[in-house]
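Let us look at how the words used for a protein structure are tied to numbers, and work through them by question and answer.

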Amino acid sequence: EKLPRMRVAFACLVDATHFYAICSLFSYAGVLCADLEWVNDRNSAGFAAGWLQSSNVFGRVLTSSVWGYIAARYGFDVVFTITLASLFVGGLLFGFCTSLVLAMLVRSIFFGVLNGWAAVFGPYCATVAGEKRQAEVIGMVIAAGTGMQLVGPAVSGWTYQLIPEFPALAPSMIGSCLASLAFCLFCLLHFRDKKTSKSVKNLPEGSEGSATATKRSITQLLCRWPVPLIICMRFSQGFALFAIFEVFPLWLISEQAVGGLNMSEKQVGFLLARSGIWSILYFTFVFPRLTKKLGGRCTSIIVSVLGIIFSTLLPFCTSEWTANLAHMLAASSIFSQFAVNVTFTNNAAGPADRAIISGFAVTVDTVGKAIAPIATSTIFAWSIRTFGMAGHGLVFYIQAALSLVNLLFTLPLPASVENAHGGGENGQEQSSEGTIYGASETETSEEGSSAESPRC
């Protein structure tokens, strides 16, 4: 059965648009704060940049669970319409902001409160892919998103200050253009399907014709093992993901006297572009094969170990190229932890409850993402001001510790996170989803035979 290529392309484009809006700021946030005189100098930029970058995720905390309910009850189309409109308007408004408070407010509302993509990403990919080809679709979407997480800051670094009066306007307008393109594709898909009756493709799989998820106790769903453990992993991973986004550019632009590389925003952009190209290639060709061969849990263990190693090595890099190499490997390891944790969430929840559990999981990991830029940028600015060069590696050691947490939490996960299991109250409702990433512990063939999957 062929994949619905237009819907796959749409999911990739929305993910890229979402991550451009969120992450394009990372390459020039510190410079913007200094240029608009929100701080005294670039070495102090971390105190303001962290709040600016956390504002959107603070807004998302308020509504992520709500978006899960909306998707389960009314379908994905409602979520996509509001999300793409908010990304378009928010991109335009942010470019004209010259006040820190106003900039934070715009990002909080339009990129946070009204942005529902993060809450429905997992369930939508599972619905589009069908039962047997989910790994392919999620791999494509993650490749597009993680590539944009690194290419986006590169592009915004190149276009920053093209309009001197509003230095952030040019990079922000690129985000609005991406949102417009995604909305055009959404309209094309919507009108193409309008001729037919409402399809289950517009609803999360397992929700059509069923009120099971809404009748169940939310507390009961969240307490079903191993959901609580995965929720904790999502928080830790969310913190780690935005921590490296925030701290790495701040370290690059800081002065060599305090352990930085004293790079310009253009140099930072080129470095992130190279990391972005690697990320696209890695998630397109390497990561899907790795998870298929080893399974999700073994993959999580491996990438967690690599995250520990290269996060620890980063502050010891003294040249652009060594820093680039260490960043490529550290960032791809952290992104891999994110990808595996999303599939753990999907498989632990089951199709009937996936949208609701995913919405809550996104709320929790968004809390981590909201705290990370503020905490890590403040710690970085404080550590280099207090200890000078001796303190510039502190935040990277915290980053390594978060990968260690992910490793320790992966070890007790049951086999059910790799072979999606029943979500019924008595365990009778079996999922037809199969494994999103990686091999199942046992996989029944059409003839009824069973084969053991690779173990770590």
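**Terms and values**

Arg234, Asp365 and Lys369 are joined in a network of salt bridges. The model is a predicted one, in which local features need pLDDT of at least 70 and side-chain atom pairs count only at pLDDT 80 or more, while totals for chains, interfaces and linings use all residues. Residues are numbered from 1 along each chain as its sequence is written, and side-chain values use heavy atoms, with hydrogens and water left out.

Q: What makes the meeting of Arg234 and Asp365 a salt bridge?
A: A salt bridge is defined as a side-chain nitrogen of Lys or Arg within 4 Å of a carboxyl oxygen of Asp or Glu. The N to O distance between Arg234 and Asp365 is 2.9 Å, and therefore the pair fits this rule. Arg234 lies in helix H11 and Asp365 in helix H15 (residues 354-387), 131 residues apart, and the pair thus links distant parts of the chain. Helices here are DSSP runs (H or I, at least four residues), numbered from the N terminus.

Q: How many salt bridges are there by this rule, and which residue forms one with Lys369?
A: The count comes to three. The side chain of Lys369 meets that of Asp365 at 3.7 Å, N to O. Lys369 and Asp365 are four residues apart in helix H15, and so they are separated by about one helical turn. An α-helix has 3.6 residues a turn, so residues three or four places apart point the same way.

Q: Why is Asp365 called buried?
A: Buried means under 20% relative accessible area, exposed means over 50%, and partly exposed lies in between (1.4 Å probe, protein chains only). Asp365 has a relative accessible area of 2%, and is therefore buried. Lys369, at 5% relative accessibility, also counts as buried.

Q: Which word, buried or partly exposed, fits Arg274 and Glu320?
A: Arg274 has a relative accessible area of 23%, so it is partly exposed, and Glu320, with 25%, is partly exposed too. Arg274 forms a salt bridge with Glu320, with the closest N and O atoms 2.8 Å apart. This pair links Arg274 in helix H12 with Glu320 in helix H14 (residues 320-349), 46 residues apart.

Q: How do you know that Val258 is buried, and what is in contact with Val258?
A: The relative accessible area of Val258 is 14%, so Val258 is buried, although it is found in the loop between helix H11 (227-253) and helix H12 (265-294). Contact means heavy atoms within 4.5 Å. Leaving aside neighbours within four places in sequence, Val258 is in contact with Ile384, Gly388, Met389 and His392.

Q: What is meant by a kink in H12, and where is it centred?
A: The bend at a residue is the angle between axes fitted to the seven residues ending there and the seven starting there. In H12 there is a kink of about 45°, centred on Phe283. Gly295, whose phi is positive, near 90°, follows H12.

Q: Why is Leu313 called partly exposed, and where is Leu313 placed?
A: Leu313 has 41% relative accessibility, and so counts as partly exposed. The place of Leu313 is in helix H13 (residues 296-313).

Note on methods
Helices (H or I, at least four residues) and strands (E, at least two) are DSSP runs, numbered from the N terminus.
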